[in-house]
Every structure is written in structure tokens, then in C-alpha cells.
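Colleague: I should like to go through the packing and pairing in this model with you. Please take me through the reasoning at each step.

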Amino acid sequence: MKAFIFDLDGVLVSTDKYHYQAWKKIADKEGIYFDEKINDRLRGVSRMDSLEIILERAEKQYTEEEKLALATEKNDLYRDLLKNLTPADRLAGVTETLEKLKEKGYLLAIGSSSRNTPVILSKIGYDGYFDAVSDGNNITKSKPDPEVFEKAAEMLSLPAKECFVVEDSLAGIDAAKAGGFKAIGIGGAAIYAKTDYPINAITDILKLI
């Protein structure tokens with residue numbers, strides 16, 4: 001194995017609370033029931049697909065134009081909340097793990113469906129840190145499609161079989177397996193049957209190499 005491709009949100013940093021707050025405002029405004037359990041279904045899913053999940057409980061039908069307006073409004077709310085991010089929001093053990101992987105010669109990449117990936121990386125002090133960044137800005141299909149990870153591997157000039165994917169979402173694990181990657185699961189993905197290597201903490205990655 002020569003590289004690690006990391007999902008961003010929930011693996012290296014947690015912006016879940018900001019996603020939830022933004023979607024909650026949209027749902028409340030539209031009179032749609034939305035809670036944290038529903039929010040869990042949005043992990044690793046694109047903005048428009050997330051909106052479709054939320055609209056499952058809507059009492060009216062939305063036009064494509066209305067859906068786009070709601071998704072744009074949510075993203076504006078979310079980006080405003082991201083202004084609060086700092087390097088202190090990196091999850092525990094992340095910097096230590098990444099540095100040790102670099103020392104051992106592994107290539108590091110990001111594989112995130114979020115179009116806000118560049119902003120988040122900059123806010124937490126990881127701008128320019130990774131060898132490759134594949135995100136919502138250069139893909140057309142969101143997880144569980146493997147495109148985001150395949151693009152990352154392509155940027156690293158490596159085949160999927162030589163890359164680990166580190167994910168916290170079931171959709172992310174599905175995407176990794178569909179693309180032929182070895183999947184490391186953390187958080188909710190650690191107990192998923194399709195996960196190859198379940199870990200309790202990001203530092204546990206170092207036990208695999």
C-alpha cells in the first residue's frame with residue numbers, strides 16, 4: 001500500500017454540527033420535520049441528494065428551481081458557519097497520524113464530496129498539505145459512487161489496490177469498495193460489515209502499517 005485517501009468531514013475535522021444547523025434552518029422554514037437521526041443519513045452524500053432526503057417528509061412538491069434555491073440557501077448558511085473553524089477543530093490525533101504517515105513515505109489525499117473542501121482545509125491549516133485533493137468541485141457523482149476516490153488515486157498516479165480509503169460514513173465505505181479500495185472505517189463505519197479495517201481512533205491507522 002502506498003497511499004491513504006481521507007474523507008474530510010467526520011474523519012479529519014467535524015463540521016457535522018454546522019451541516020445540521022444549516023439544514024435544520026431550511027427544514028424549519030419549510031415546515032419539514034428534521035432531526036439528528038435524519039441528519040445521519042446525509043453523511044457522505046452530496047448537497048442535492050441530501051436535500052432530496054430531507055424533502056421526503058415535505059407536504060408539497062418542489063420544482064427543480066425551488067430545490068436549487070433551497071440547496072444554495074443551505075450552502076450559504078453553512079459557509080457562514082464555517083467562518084468559525086480554526087486549526088483547533090482538527091479531530092484528536094489527526095495531525096500526529098498524518099505526520100507519521102508522511103514520515104513513512106505514504107502519499108496522502110482527500111476524497112470528499114463537499115465543494116467546500118478548499119475552504120475547510122484552509123480554515124484548519126491544511127491548505128496545500130495533501131498530495132492530492134479530490135472533492136465536490138471535480139466530480140459529477142457523489143458517494144456511494146467511487147468517482148471521488150478514483151479521481152484521488154488518479155491524481156496520485158496509483159491504482160486503487162494500492163490505496164487505503166478512510167471513511168466514517170456507510171456511503172463512503174460503499175464507494176471505496178465499489179472502486180476496489182481497501183476501506184478503513186471509523187465512527188459509524190467501524191461497525192459496517194463492508195469495512196475491511198475497523199478502527200476506534202484515527203491513530204489506530206498506525207497499527208495497520
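Colleague: How are H3 and H4 oriented to each other, roughly parallel or roughly perpendicular?

Modeller: The model is a predicted one. Helix H3 covers residues 47-54 and helix H4 residues 64-82; their axes lie 10 Å apart and enclose an angle of about 110 degrees. Angles of 65 to 115 degrees count as roughly perpendicular. The two helices, H3 and H4, are therefore roughly perpendicular.

Colleague: How many nonpolar residues does the contact of H3 with H4 have?

Modeller: From H3, the residues Arg47, Met48, Leu51 and Glu52 take part, and they meet Lys67, Leu68, Leu70, Ala71 and Asn75 of H4. By class, three of these residues are charged and one is polar, while the nonpolar ones number five.

Colleague: Which hand does the β-α-β unit of E4, H8 and E5 have?

Modeller: Strand E4 (residues 163-167) pairs with strand E5 (residues 182-185) over four bridges, in the parallel sense. Within this pairing, Val165 has Ala183 of E5 as its bridge partner. Together with helix H8 (residues 170-178), E4 and E5 form a β-α-β unit that is right-handed.

Colleague: Which residue in E6 stands opposite Gly185?

Modeller: E5 also pairs with strand E6 (residues 197-198), in the parallel sense and over two bridges. There, the residue opposite Gly185 is Pro198.

Colleague: Which side chain meets Asp28 in a salt bridge?

Modeller: Across the whole structure, a search finds 16 salt bridges. One joins two residues of helix H1 (residues 16-30) that are four residues apart, about one turn of the helix. At 3.4 Å from N to O, the partner of Asp28 is Lys24.

Conventions:
Residues numbered from 1 in each chain as written. Predicted model: local features only at pLDDT ≥ 70, side-chain atom pairs only at ≥ 80, totals over all residues. Heavy atoms only, no water. Axes fitted to C-alpha atoms, helices over the stretch in contact; angles between N-to-C directions. Parallel < 35°, antiparallel > 145°, perpendicular 65-115°, else oblique. Contact = heavy atoms within 4.5 Å. Nonpolar A, V, L, I, M, F, W, Y, C, P; charged D, E, K, R; others polar. Pairing = 2+ DSSP bridges. Right-handed = clockwise from strand over helix to strand, strands pointing away. Salt bridge = Lys/Arg side-chain N within 4 Å of Asp/Glu carboxyl O.
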